[in-house]
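Subject: Structure for your review

Dear colleague,

Please find below the structure that I am handing over to you. I would be grateful if you would look through it together with the notes that come after it.

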Amino acid sequence: MSSGERVEAKIGITGRVQGVGFRPFIYRVAVRNGLAGYVINLGDAGVEIVVEGEKSQVARFLEDVRLEAPEVSEIEEIISEYKPYRGRFNEFVIDKSQSRGRVASGIYPPDIGICPQCLEDMATPGSRWYEYPFTACAWCGPRFTSVRALPYDRERTHMHEFPMCMRCRKDYHDPMDRRFDAQGITCSVCGPEMSLYDASGKPIEAKDPFKEVAGYLLEGSIVAVKGIGGIHLASLATRDDVIEEFRRRKGRPYQPFALMSPDLGSVKTYARLDVDEERVIQSWRKPIVLLRKRHRVISELVAPGLDTVGVMLPYTGIQTMLFKGLSEPALVMTSGNKKGLPMATSNEAAFDELGGIADYYLLHNREIVNRCDDSVLRLIEGKTAFTRRSRGYVPDPIDTPLKKGIGIAVGAELRNAAAVATNGKVFMTQYLGDTDTLEGLRAEGEAIQTMRDLLNITRDPDVIGCDLHPGYMTSQMAEVISRETGVTLVRSQHHHAHIVSVMAENNVSRDEEVLGIALDGAGYGSDRQIWGGEILKSTYGGFERLGHLENLPMPGGDLCAYHPYRMLIAGLSNAITGDTIRDITENHVEEALPHGKIELEVILKQIKNHDVLKTSSSGRFLDSVAALLGLAYYRSYEGEPAMRLEAFAAEGNPELVNHDVEIYQRDGKYVLNTSNTLYFMSKILNKHKKQDIAVFGQKYLSDGVSEMAIRASGDTGISIVGLSGGVFVNEYITKTVLNNLREAGLTVLLNTKVPPGDGGTALGQACTALESVM
Ligand SMILES: [Zn+2]
Ligand SMILES: [Zn+2]
Ligand SMILES: [Zn+2]
């Protein structure tokens, strides 16, 4: 040994360093560098390492730790402190003495996609993991979906029924093995098993169930496949007739289906990816990434009328095995749920709820403890825009400047997620789907409780946040909790919650004011009208409405969301007479409205009613443009008309349509005129390509709200603008608004950690609620 200066170093590492094989990694790097000492878990304080050795060895050790850390780990900070050498240790050890009891908040990782080493084990004949679909290690496998309670021990996970065999036990205790201390380890000798059933739930004997399933799929069957966070429905993606039948059984005529491809090469045969998309789709989080379609390899019916398709890669051994006997570029892999219900997770629920849809069931005997749908996102300028944040991301916390108190927020109502806040961090629950049913509400209650259990929160929260909308079932649930526990209830205006969500995830300080542009379908306004195209001056605690889209009548309320042509007529009525509307709609109205001309007359009467509901929704404006262009006369799923419009507009040139943004002031607020614009578009229908008009509609909205924000910035001196609301998953609108505001010298904040849509509102509600008790 050389005779460099010897030291003792105490090193603290914070970040995501637990549940991801970090201590055995430290062990191996320490041993390799000839150091003695120990590593220990410190609950939410990260890990502590004490090493003895030459100063140069310690330096190399620290460098290796930074460079070679497991992919899933995330090092926030390394603090090292040097002391005189005392010669206290003979070897390096992993000290487990404190690790169990002290596992606390914020350290539990999301589910991790199967790692390359495990895939290699599965591909190695003779290995006890050869073709074994539950293969996992300390670096990969189920985490969030597997755990019932803390501390994180095998008995409290979905592995409790599967005691380790001798060899697994040996690996588990060997710090040099990558399965060291991994609660999820298992093998073909001791672990769970797959089983196959027919449509009636009768078991099918099969030596190799995956081979059987490949055969069924190739015949055109629909197969329910149990994974780690729920049950998927799988089918061929290349045959129109199969998908047509699938949609008929599921009662989903147009909603886009997600795809799973065996590898990146297969994805590239039907979709275009840039470098960021390649990176994210292959990351350990394994989300569904919305990609631009190319070539007609897969059926057009997978995502009808859209120019994107959602794609993911296999993230479990089960899915890897599914592709073994197939040479398909992709399979449809959509959540196995009955319309309006959360995704099925148990075998019983599969038979119960997917009966009539699935022809076969490929299930297993391991429990799914926490339901977790696949996450869905797209990349805009390389940044994440979630439509659904769930598996692979939950329960990663979001740091906020609201450092005190415990808060719970129940979110909005559709495509919802709840939030639990503690110690300055907000933990969003997994995607809950629609919480406007008792089943959905029950799922939400369970998800909140799970999050509290994982965070060790046993006392009542200090405050609970909900939406201002008195009719939301989530608001009513929050009221009941508040009444029963005496916990303060704070109601957030919907769009203010959107803007606070973008402020919080960007760590805007508590004394800062931000201008928010909130664009979405609908939210309950402070004036009891329906808002959705708003310029709000915001702090965490409150807001002032500085501008909005023109208030248009909304005859029949929600009917306008389902029948966009109704909204178009309502919009036009603010600009022109009934007779002109009759002329314009003459040739389309029979097709566009369920009751044709009769309905048109009813609508024209309803509009005149002075207590007709009014809306400033940007979603409804985009719907109207889609209806005018004949792209959507009925909304079969949330966001459909606007999504079809975006796809159609991709081919258009906005510069070919000339029409100035029209902003006026009313009651001290800026108002963006939309009715004259709809009329203008109706007049140029025969003079321009429809694609050009489509993109003009999006541009008008983008330029209009940008201009209102720029004027509001001039009035107030505020130079930070936050963008939020479901419309900001639209790539064209997001980019256009971003460019406009940047050109005006403003700083722009986006939602990249939570969805800009309603799946992110609970973050805003939680922060506003906490601010009220700070
Ligand atoms: Zn692994
Ligand atoms: Zn085993
Ligand atoms: Zn919203």
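The notes below describe two open sheets, two further strand pairings, one loop residue and the cavities.

Please bear in mind throughout that this is a predicted model.

The sheet of strands 1 to 5

Five strands form an open sheet with mixed pairing, in the order 4-1-3-2-5. Its edges are taken by strand 4 (74–84) and strand 5 (92–95); each has a single partner strand, so one side of each is left without a neighbour in the sheet. From one strand to the next, the twist averages 15°. Within this sheet, strand 1 (residues 6–16) and strand 3 (residues 47–54) are antiparallel and share eight bridges. One of the pairs involved is V7, whose bridge partner in strand 3 is G53.

Two helices pack on this sheet. Helix 1 (residues 22–32) touches strand 1, strand 2 (36–41), strand 3, strand 4 and strand 5, and its direction makes about 170° with that of strand 5. Helix 2 (residues 55–68) touches strand 1, strand 3 and strand 4, with its direction at about 145° to that of strand 3.

The sheet of strands 18 to 23

A second open sheet is made of six strands in the order 18-21-20-19-22-23, again with mixed pairing. Strand 18 (398–399) and strand 23 (488–492) are the edge strands; because each has a single partner strand, one side of each is left without a neighbour in the sheet. Helix 12 (residues 473–485) packs on this sheet through strand 22 and strand 23, and its direction makes about 155° with that of strand 22. Helix 24 (residues 761–773) lies across strand 18, strand 19, strand 20 (419–422), strand 21 (425–428), strand 22 and strand 23, running at about 135° to strand 22. Strand 19 (residues 407–409) and strand 22 (residues 463–467) run parallel and are joined by three bridges. Here I408 stands opposite I464 of strand 22.

Strand 14 and its partners

Five of the five residues of strand 14 (residues 331–335) are buried, so this strand is largely enclosed by the rest of the structure. Strand 14 pairs with strand 9 (residues 231–236) in the antiparallel sense over five bridges, and L233 stands opposite T334 in strand 14. Strand 14 also pairs with strand 10 (residues 259–260), in the antiparallel sense and over two bridges; there, L331 is the bridge partner of M260.

The hairpin of strands 29 and 30

Strand 29 (residues 663–666) and strand 30 (residues 669–672) run antiparallel and are joined by four bridges. I663 has L672 in strand 30 as its bridge partner. Two residues lie between the strands of this hairpin, in which D667 takes a positive phi near 50°.

E131

E131 is located in the loop between helix 3 (116–123) and helix 4 (166–172). E131 is partly exposed, with a relative accessible area of 22%. Leaving aside neighbours within four places in sequence, E131 is in contact with M122, M321 and K324. The C-alpha atoms of E131 and E120, eleven residues apart along the chain, are separated by 9.8 Å.

Cavities

The structure holds seven cavities of 30 Å³ or more. The second largest has a volume of about 100 Å³. Its lining comprises 14 residues, of which T135, P142, I228, T316 and G317 lie nearest its centre. By class, nine of the lining residues are nonpolar, four are polar and one is charged.

Yours sincerely

How values were computed. Residues numbered from 1 in each chain as written. Chains lettered and ligands numbered in written order. Predicted model: local features only at pLDDT ≥ 70, side-chain atom pairs only at ≥ 80, totals over all residues. Heavy atoms only, no water. 1 Å grid on protein atoms, 1.4 Å probe; cavity = no way out; pocket = protein on both sides within 12 Å on 5 of 7 lines; lining within 4 Å. Points joined across faces, edges and corners; volume = space filled by probe spheres on them. Nonpolar A, V, L, I, M, F, W, Y, C, P; charged D, E, K, R; others polar. Pairing = 2+ DSSP bridges. Contact = heavy atoms within 4.5 Å. Axes fitted to C-alpha atoms, helices over the stretch in contact; angles between N-to-C directions. Buried < 20%, exposed > 50% of the residue type's maximum accessible area, 1.4 Å probe, protein only.
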